[in-house]
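Biologist: Could you walk me through this one in plain words? I'd like to ask as we go.

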Amino acid sequence: MSPAGTSLLDRLTEIEEQGLAAIGKADSASALETVRIEFLGRSGSLAEAFGGIGTVEPELRPRVGQRANAVKQALISAHTHRARELERSGAPEGQAEHDLTLPGRHRWAGAVHPVTRVIDEICDIFSELGFTKIRGPEIESVWYNFTALNIPLDHPAADMMDTFYLDEGVILRTHTSPVQARVMEEYEPPVRVVVPGLAYRRDSFDPSHAPAFEQIEGLAVDEGIDFIEFRSTLEHFVRRFFGPETRSRFRPAFYPFTEPSAEVDVSCTVCGGSGCSTCKRTGWITIMGCGMVDPAVYENVGYDPEKYTGYAFGMGPARIAMVRHGIPDMRLLYEGDVGFLEQFS
Amino acid sequence: MNVSVNWLRELLPGLSEGVEELAHRFSMTAAAVESTDSVGGALEGIVVAQVLEADPHPNADRLTLCRVDAGHEEPIDVVCGAPVVEKGALYPYVPAGATLPGGFRIESRKIRGEMSHGMLCSEAELELGRDKGGIMRLRDGLTPGQSLPEVLGLPDVRLSLDLNPNRVDLASHVGVARELVHESLAEIVLRDFGGPGWSPEWQDGEREVSAVGMTVAIDAPDRCSRYLGAVIRGVTVGPSPAWLTGRLLAIGARPINNVVDATNYVLFELNQPIHAFDLQTLSGSEIRVRAAMAGERLRTLDGEDRTLDPSVTSIADRDRSVALAGVMGGEDTEVTDRTSDLLIECAAFEPASVRATGRALTLGTDASYRFERGIDEHGLEAALTRCVELILAVAGGEAEPKGIRVGATVTDLPAIQLRPSRVKQVLGIDPGPDEIERLLGPIGFERQEPLEKSAEAGTSGPALRFQIPGWRRDVTREIDLVEEVARRFGFENFPHHDRRFRPSAVPDDPAWSQADRVREFFVARGLVEARSLSFMPEQHRGNRAEVAVPNPLSAEESYLRAALVPVLLRRAEHNFARGRRDIRLFEIGTVFGYADTERDAGEPGATADGTERFHEQLRVGVLISGERDPAHWSTESEDLGLWDLKGLAAEAAERLCDATLEPVPDGNAIAGRADAWLDTERFRLVRDGKTLGAAGRVRDAAVDAPPWGSSVWAMEFDLASVILERTTAYRPLSTFPAVRRDLAVTVPLSAEALAIERAIRGSASELLESIRLFDVYAGEGIDEGQRSLAWAFRFRARDRTLTDQEVDADMTVITSALEEQFDARIRTT
């Protein structure tokens, strides 16, 4: 390498080192300006170095030029940064950086919706038990929503008061259970599925009701599934989801599409069972409706009710999320308030 | 349904459990006990008092000066504010020094100049009922000074039951007691009323019976299967005895008078609704069960004037409707203080007809609740007898010895077969025939001989037959009996066995994995997930009409959303209204539309059920606005801008959908509804020429943003377009150093950055590792109509350190390509 090129590259390195050091030491705007003129001014040392590029051998000129530009960029950037620091701190040199109690810099944190998290955890537990995850339409026929599930149309649940009708025989599904009938029509056993999704009821939007809300449906049908398996499986789920110390109880209930039918209560996760406002002083929170699939449903979907048995269950993940996080008003879940949602990051 | 524990203990003398245990046992085997509340637990010191004298207060119109006998030697002066105080009558008396249930202590004090030593009180003041109209009149025959709670049978505990809709039989005390017996229903003992008995001679007729000076007819047999009537003459209507009042108060029912209270007592005891008419008010001494006539009017007991129509079933006399069958009586024929003769109605109205009546008049009562769900048709005679005997005991009078009974003869109780093998198959337990009988017998299921000996013997023994009691109309199939076995066995007593299972034959729906990918992507970039309701007010822009909800909750929710961004814009406005400026939401949700018949025609062969007219789809919506990063003291904040949106959208397009983001010139339509919210800075997500979604700046008119808000940016795309099978092939990393070169060119404004980049990549060799645009400049030093673009290049080889010559060769090719294609001029420093 030629003497002119080498010496100019050395000189550039020297300018960079000295310049950066001087900028870092400048403890006032005026001191910084003096440094700027010395290195970056019209007749400063960097301008001088640029002037020297003309004396370098032509084949080395691009490389030297590039280096000169890089040094210039580095000094300008350091100067800008230092100027901003001095402006902001107004304090004597160096203190801002050395006060380690100053708050650090954050990025926005993302968050999954608390109801999504509940749905995912529930589905994950059932996935370990051989259940697959499917879905079904929200616009549903009266047949799948009611008739196939053994719900007579004059049943209170099918009442015009509770259901959003879209057209003759077409409604917004009032529960995720119609997917039970759909999946059994399409597949032969073994059927083991969970079905998260939205359901709709004509309930006005208030602290404990929403006209659209999440449900998780579950269905297991095969030869040889009995009440013992049903209850053991769901109790396993309860312990996995709510924790091993949680107590649970199966109470008799009624659903037109299961028989026997049960409701599952868990000991209140807020008060531990001693009674509080969350559990309405009963010590128990109802989390699930379930039962052995009614033979009438099998007949409606073309299964042999003498051959196959199984169980179905339904849960409301929104209510579970409310209990879990102590959320007092269901509307908070659906308002899209960033201040609410980012609490769950 | 409310249940009095004292009442229950009277019915079941053998019941030894405490209230807690009782409530638990019932919850676990029959129906949930929602709450247990003490009734009349704070009435100590309150006694029965008789008013000896009642005179107007000299200084106040509405007050009465009373002198009462409260069991002490000396009468006591009490000032009373009730509208009516009867001389000689008995009332509850709170002496001075005692406390009302609410905690209010009664003291001797002067009221308008007259001393008052205590208080006569109403049901409401004693917290026994809702009646605050006047002081609580007690039945004659009590002794002044007797403890009030004692004569009322208090304190008591009220159980509030949450009944399952199939178990209406539990809506009565005997019904509840049946579930609690240990060995047999014989353990249940009905209260002895102490009055005369009544064993009527029934006068039967299929449609009509005339007897005891009455005619009763069923003109609408499809609405009423049986109608039983009894006539009692010469009753004295007045307050009920305290025990009866106490029972009704304990379950929260309102005492009215002895006759009405008697009918209600039997309702809550045996579950049979009974109605008493004032016989003398019935024209023609006639009762007909018939369809109401259109426009017929009736004032019901609640004081409402109602207009009937033929869907309503009415009880009529010769001239008019006098009651709503199975729902409510009429005011004209109600039992009053002046009533002396009664017709007692005990009927079986058809569930559908009572439901129709209730629906037509939007009216529900204790009676209609039971009729709608089905009462025990076999229990009518017993219930009517019980009611007549109670009225005779508490209101006197004489019952006609003949009872009227109209309607079809009651059918035999059905019997259902139960295979022990079916019990084993469904429940997994195998109790065997005797144990099954032991479980079902006590609640009224009687084991019978099988019809034929051969009847389907299984491995667990031959089939059993059980007769179904009349109050269990919900039990109609073998599986219903299986449920009874499980319930009586106790769900809690089933053993635990984890069973082996076969994995599901049903495949996972890919949408859930697609949703997971989308969630992971946006959460990693600092966005929060929203879940909005699916409803929207009508939107007038858009290519397709939104799906209308004919029976919406409100006009604001009268359509189903056809896109997510408009819903997220409403969520943004909610945030603005709360003073939040920094918004970063994403949502995965369903959008709805009417099916485009040609495009979305249902699967071939699918049955048309009406749903094929509609279309629904999962989509992803994104909305961002406000600061790019949370404010920090060290830097000035900057708002999210076009390049933030473009970067996010392009990355989402590429990584999630394998798609590219293309600018869309203003004036060109984008996919469907995005035009409703997109402004001039707009893009579309494209894959294989198909538009998957849109992104860009939200137009001002589409969002109600405050002046302090910043620009709103949004994106929406199909969830179905998210790629799941993308497996990234590893590219070997070079261990040799990279060579960096910069290139600045001046090009006409018409030359687009993307085209130039493509040209660069197209002309360079494989040594070009990456290019990055680092400067865009127009203005001083650059000719009008031109701009300067500068890129940083990185060259690298896998197998060697590159020489300057190799890189220079590539740079030369690139520069000439740009000069040629874009009329670019190379800028030199």
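What follows is a chat about two chains, A and B, in a predicted model.

Biologist: Let's start with overall shape. What radius of gyration does chain A have?

Modeller: Start with the yardstick: a compact globule of 345 residues would come out near 20 Å. The C-alpha atoms of chain A fill a box of roughly 100 × 50 × 40 Å along the principal axes. Set against that globule figure, the radius of gyration of chain A is 35 Å.

Biologist: And what share of the residues in chain A is buried?

Modeller: Chain A is built with 13 helices and 10 strands. Of its contacts between residues at least 6 apart in sequence, 67% join residues at least 24 apart. As for burial, out of 345 residues the buried share is 44%.

Biologist: Now the place where the chains touch. Which element gives the most to the side of chain B that touches chain A?

Modeller: On this side, 80 residues of chain B are in contact with 79 residues of chain A. Several elements of chain B each supply at least two residues, among them α2, α12, α14 and β30. The top giver, with 6 residues, is α13(B).

Biologist: How many residues of that side of chain B are nonpolar?

Modeller: Sort the residues on the side of chain B that touches chain A by class. You get 21 polar and 24 charged ones. The nonpolar count is 35.

Biologist: Back to α13(B). Which residues of α15(B) does it meet?

Modeller: The axes of α13(B) and α15(B) are 11 Å apart, at an angle of about 145°, and the crossing is right-handed. By class, this contact has 4 nonpolar, no polar and 2 charged residues. From α13(B) come R517(B), V518(B) and F521(B), and the residues they meet in α15(B) are A652(B), R655(B) and L656(B).

Biologist: There's another helix pair, α16(B) and α17(B). What word describes how α16(B) lies to α17(B)?

Modeller: Their axes are 9 Å apart, with an angle of about 140°. Roughly antiparallel needs an angle over 145 degrees, and roughly perpendicular runs from 65 to 115. The angle fits neither, so α16(B) counts as oblique.

Biologist: How many nonpolar residues does the contact of α16(B) with α17(B) have?

Modeller: On the α16(B) side, I756(B), A759(B), I760(B) and S763(B) take part. Their partners in α17(B) include V813(B), I814(B) and L818(B). The contact of α16(B) with α17(B) has 2 polar residues, no charged ones, and a nonpolar count of 8.

Biologist: On to backbone oddities. Where is P190(A)?

Modeller: Most peptide bonds are trans. The bond from P189(A) to P190(A) is cis, with omega near 5°. P190(A) sits in the loop between α8 and β5 of chain A.

Biologist: What is omega for the cis bond that joins L154(B) and P155(B)?

Modeller: P155(B) lies in the loop between α3 and β9 of chain B. For its cis bond with L154(B), omega is about 0°.

Biologist: Is E127(B) exposed or partly exposed?

Modeller: E127(B), in the loop between β8 and α3 of chain B, isn't a glycine but has a positive phi of about 55°. Exposed would take 12 or fewer C-beta neighbours within 10 Å, and buried 20 or more. E127(B) has 16, so it counts as partly exposed.

Biologist: And D688(B), buried or exposed?

Modeller: D688(B) isn't a glycine either, and its phi is positive, near 50°. You'll find D688(B) in the loop between β33 and β34 of chain B. With 7 other C-beta atoms within 10 Å, D688(B) is exposed.

Key:
Residues numbered from 1 in each chain as written. Chains lettered and ligands numbered in written order. Predicted model: local features only at pLDDT ≥ 70, side-chain atom pairs only at ≥ 80, totals over all residues. Axes fitted to C-alpha atoms, helices over the stretch in contact; angles between N-to-C directions. Helix = DSSP H or I, 4+ residues; strand = E, 2+ residues; numbered from the N terminus. Left-handed = near helix turned anticlockwise from the far one by under 90°. Contact = placed C-beta atoms within 7 Å. Nonpolar A, V, L, I, M, F, W, Y, C, P; charged D, E, K, R; others polar. Parallel < 35°, antiparallel > 145°, perpendicular 65-115°, else oblique. Rg over C-alpha atoms; globule rule 2.2 N^0.38 Å.
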